[in-house]
Structure formats: C-alpha cells, structure tokens
Amino acid sequence: MSTEPKPLEQKLQAADTGPEALPWLEELPPRQIVAELDRYIVGQAGAKKAVAIAIRNRWRRQQAPEGIRDEILPNNIIMIGPTGVGKTEIARRLARLAGAPFIKVEASKFTEVGYVGRDVESMIRDLVDSAINMVRGEREDEVFPTAERRAEERLLDLLLPRPPKIRPRAGLHAEPATPPAAEPAPAASPPEEGQTLFVVSSSGEVRRGEGEEPLVGDDEERRERTREKLRKLLADGKLEEREVEIEVTQQAFPAFDMMAFPQGMEGADVNFTEMLQDMLPKRTKKRVVRLSEARRILVDEELRKLVDMDDVVNESLDRVENHGIIFIDELDKIAGERGHMGGPDVSREGVQRDLLPVVEGSTVQTRYGYVRTDHILFVAAGAFHVSKPSDLIPELQGRFPIRTELSSLGQEDFVRIMTEPENSLIKQYQALCKAEGSDLSFTDDGVSEIARIAMVMNERTENIGARRLHTVMTTLLEDLLYELPDVPDKRVTFDAAQVRERLMRIVDDEDLRKYIL
C-alpha cells in the first residue's frame, strides 16, 4: 500500500506514544508527574511540585465518598516568574501528558462584557470543543479497523461494479447466460445480449472485453475470484494510482458562512449554520480521485457512521466538568493598580470581575449543553514585573490559593537546558544537520560559552530567559546552515574559541546587539 502518511494513520501511530498509551496524568503519583516534567523542563521544582499535587488531587477527589465529593474544590494555582523560565513550557507539557481536556488561553485577549472582543466564557466553550475532539478521536481509534474493512469493500465495488441484472420481457424466455453443459461454448465466443464480460489484467485492471479469464455478470463464483485478486492487489499497493469515481457528500454550504457569529458573539447555544444544514437535503457530487485519496474519503465516511456523536458529547461534557484544566497565561496583563480607574484599567478590572464567577464555579452555556465549572482546575501564570498578584481584585486572589514563584535562570541552567531535555536545542539542530548528511557536535566548553554569552546578553539588555538561547544559536549557526549543502566536511564541531569568534563581534557592538541578539 502507499507509504504516504494519512491523517488517520498518523493518529493511530501517535496513539502508541501519546496520551492514550499512558495512564491518565491524574492516576500518576506526584513524584512520577514531576519526573515526566523533568524530562523536558530544567529546574523549577517548586512549580512542578505544586502542579503535580493539584493534578493528583483530581484523582483523589474521584475516590472520595460521594457525599463529600462535590464539596472538594480544586486548588487553583498562580505561577509567578519572569519570561522564559518555563511557565508556558509546563503548560505545553501538561497538555501533552494529560489524558484530560486541556486548553491554554491568553488573559490579555479577553475584554469586559460590552467591549469588542472575546468574553471569558469562551474559554469554557473552547475547552468543550477540545474535549469533543479528544473523545471523538478515541472512539475513531477503537472502530478504525472496522472502518478500514468497510472502506476496502466499497473500493472493491468501485473497481469491480456488479453488473445490472437483465429482466426478461413478459411472455418471453430469457437467453441463458452460459451455453448448456452438453454444448461447450467456443473459446473466443462473444458474450450474448444481457451478459457482461470482464477481463482482469496482470496489473489489476478490470475492463470490458476479451481476455484470458472472462467473467460473466451472473457467474458469482468467477466474480468472487476476480474480487479476491483485486483485494490482493489492493493489499500490495499496486492500485494506489488508479483513478476511481466516487460520490461524496458536500460538508458545508459556503453561502451560510456569512451567518456565522463574529468573534466575541459565539455564546449562542444553537449553531444556526449547522441547524440549516440539517434541515436541507444533503447535496452530493461525483469526484474522480486516485484510489489512495478515495480510501481516505471512504474511511472518514465510515468513521462518521460508526461513531455515536451523542455518546461522544455526553462523555466530553463529563470530562470537562470533572477533569478539565485551563491554563491562563499573562494574568498580570489584566492586573492594574486598584483604585485607578483611568484608561484601559476599567476593562482590565472588568475582565477580572467576569473571570471570577467562571473560576469560582458557575454554569456556562455551550452549543453542546450546559457546563458547570466548579471542578475545573485553573492554572494561571504571569511575570508580574509592573503589577503584582495583590493588584488583582481580592475575590479573584482568593480563588487562586496556591502561589508558586519560578526562579530566574543562570549560566548553569542554560547549560542543562541545552543538553539534558529530550528535545534540547542542540539535539534539534543536530537533527536538522543530519537531514543534510552532516554530524553537528559541540564540545563542553563550547556549550558553556554559548550559555555564558546568553546570560551576558540577558544582563546587558532585556532578560528574556531561556528564549535568548534560540537567538544565540540561530546567529551562531546561520552561516553553517546556509552553506551546509555545499560543505565537503560533513563533521562540524564547535568549541569555545569558534563560538567566541562568531559571536563576540556582535556581543561587543552595542548597535548590532540591539538588533541581532
């Protein structure tokens, strides 16, 4: 079969290493959750510990007696620290490890009700959409083999269509499809009227005409033999470039896109576009596509038939209410000095007031039903350079009882960031160079020199934490990546002297430093 990756196949391949293959993050002990985060994030033990405890408490609540279960509320967290120290990376890794609905939102994108923009309840609707996609993906993975078998049968029907039966006219006798046994037919006799003759070539082509193995339309035994030959050719991938004609259902009506609600007004429980599409008859059209594309379309159609969306919605809403996690980044951007009502502070405090009922527990209307937010875990983060957590309104401060501070990163932390994580920056550039057949390596003193220059740049200019490593590495390897296809020596090693030679001119030149590093 074709080796070209397909979206559904990629989903199954990812299931072996993704969240579906692991226990839910809530079921892991806190120490193991921290160990999973340690594989990708250097330091910040306090933040990892607080997040691990909060996640584990979700599982502990499910084991509590039913009478007290609803009274146990999640301990929401605020992570405080400068940019580039790992706040967002913790959220990204939680999203990949958690087997629960998870979204990351920016607090600065929300506005007070009455202002143009997104209202805070849209984060709950986004969380529900995320859960729907997650549960639907799990259900599709379960029935994917069945959908593949059904799609294969439909492909065989396209390659070898069943001939129409010829009904005899009233009062007349139909001619037999094959000659009587006593009178064998000549080897090359043409088919009589009402018969269909098929030929299967060695390449799997099915056509009308004469050949080595004729197939009479009403001869089921021969037709099944031909069908099995085509099945084998399908399995061997010899028919992937064949073009077939399929009938597909149009998924959307472009004219209805104008009726979609603008951003910030998506709170209606009814999606009028979908409602009108359900009321109107389904429109179909015929397409001539390659067999590989036809397989993908047919598998998608079979998956939609096999997956019960009512069950998906019910399961998704339950997961959102009991296991959902929302990461609110840039919370400091909506914190202003209390008592100062000028300029944008009106909207900032208004966003806090709108955020309060969602965090403390309320019922939010979504297109799939009502969602209670009492047991959704909220993890907020912010640099709080200008403002501080105490600038938030007191009611909102009380809804984030746990505060953990992330420390700034130094030279030793930069060295660990470049070498220890499984997706470290050095390993990423080594993979890029490997695509050109080159081996990229750094000596220990070379790595230390890169870390020292990054720290110096953070001290002399704006401190952007570990993100400075990206700018330093990009500048260091710019010429190499440009000339790599033509470099005769495919082994490239950087030591401290080479790093200084390439970077110190920029580091010492203040004008260049402002615009490059």
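How exposed is glutamate 153, by its relative accessible area? Glutamate 153 is partly exposed, with a relative accessible area of 30%, in what is a predicted model.

**Figure 1. Overview of the predicted model.** The protein, shown here as a predicted model, has a secondary structure that comes to 18 helices and 14 strands. Of its 517 residues, 42% count as buried, and about 28,800 Å² is exposed, with carbon and sulfur atoms supplying 50% of that area. Among the contacts with a separation of 6 or more, 77% are made by residues 24 or more positions apart. A search of the whole structure finds 36 salt bridges, and the views that follow include several of them.

**Figure 2. The salt bridge between arginine 227 and glutamate 153**. The side chains of arginine 227 and glutamate 153 meet with a separation of 2.9 Å from N to O. This pair links distant parts of the chain, 74 residues apart, since arginine 227 belongs to helix α7 (residues 220-235) and glutamate 153 to helix α6 (residues 122-159). Arginine 227 counts as buried at 8% relative accessibility, whereas glutamate 153 is partly exposed at 30%.

**Figure 3. The salt bridge between arginine 154 and glutamate 302**. In this pair the closest N and O atoms are 2.8 Å apart. Because arginine 154 lies in helix α6 and glutamate 302 in helix α9, the salt bridge ties together parts that are 148 residues apart in sequence. Arginine 154 counts as partly exposed at 25% relative accessibility, while glutamate 302 counts as buried at 4%. Helix α9 (residues 291-306) also holds arginine 304, which counts as partly exposed at 48% relative accessibility. The C-alpha atom of arginine 304 is separated by 9.3 Å from that of alanine 147, although the two residues are 157 residues apart along the chain.

**Figure 4. The salt bridge between glutamate 449 and arginine 500, with a network of salt bridges elsewhere in the chain**. The side chains of glutamate 449 and arginine 500 meet at 3.4 Å, N to O. Here too the pair links distant parts of the chain, with glutamate 449 in helix α15 (residues 444-460) and arginine 500 in helix α17 (residues 496-508), 51 residues apart. Glutamate 449 is buried, with a relative accessible area of 7%, and arginine 500 is partly exposed, with a relative accessible area of 37%. Salt bridges that share partners also join Glu152, Glu153, Asp157, Arg227, Glu228 and Arg231 into one network.

**Figure 5. Glutamine 44 and glutamate 330, each with a positive phi**. Most residues other than glycine have a negative phi. Glutamine 44, which is not a glycine, nevertheless has a positive phi of about 55°; this residue is found in the loop between α2 (30-38) and α3 (45-63), and at 8% relative accessibility glutamine 44 counts as buried. Glutamate 330 likewise has a positive phi, of about 60°, without being a glycine. Its place is in the loop between β8 (325-329) and α11 (345-360), where glutamate 330 is partly exposed, with a relative accessible area of 26%.

**Figure 6. A patch of negative charge on the surface**. The patch gathers Glu478, Asp479, Glu483 and Asp486. Of these residues, glutamate 478 has its place in helix α16 (residues 467-483), and at 53% relative accessibility glutamate 478 counts as exposed, because the cut-off for that class is over 50%.

Note on methods. Residues are numbered from 1 along each chain as its sequence is written. This is a predicted model: local features need pLDDT of at least 70, side-chain atom pairs count only at pLDDT 80 or more; totals for chains, interfaces and linings use all residues. Side-chain values use heavy atoms; hydrogens and water are left out. Helices (H or I, at least four residues) and strands (E, at least two) are DSSP runs, numbered from the N terminus. Buried means under 20% relative accessible area, exposed over 50%, partly exposed in between (1.4 Å probe, protein chains only). Contact means heavy atoms within 4.5 Å. Accessible areas come from the Shrake-Rupley method with a 1.4 Å probe; for residues, only the protein chains shown count as cover. Patches are made of residues with over 30% relative accessible area and no salt bridge: like charges are joined within 9 Å, nonpolar side chains (Val, Leu, Ile, Met, Phe, Trp, Tyr) within 5 Å. A salt bridge is a side-chain nitrogen of Lys or Arg within 4 Å of a carboxyl oxygen of Asp or Glu. Lys and Arg count as positive and Asp and Glu as negative; His and the chain ends are not counted. The place of a charge is taken as NZ of Lys, CZ of Arg, CG of Asp or CD of Glu.
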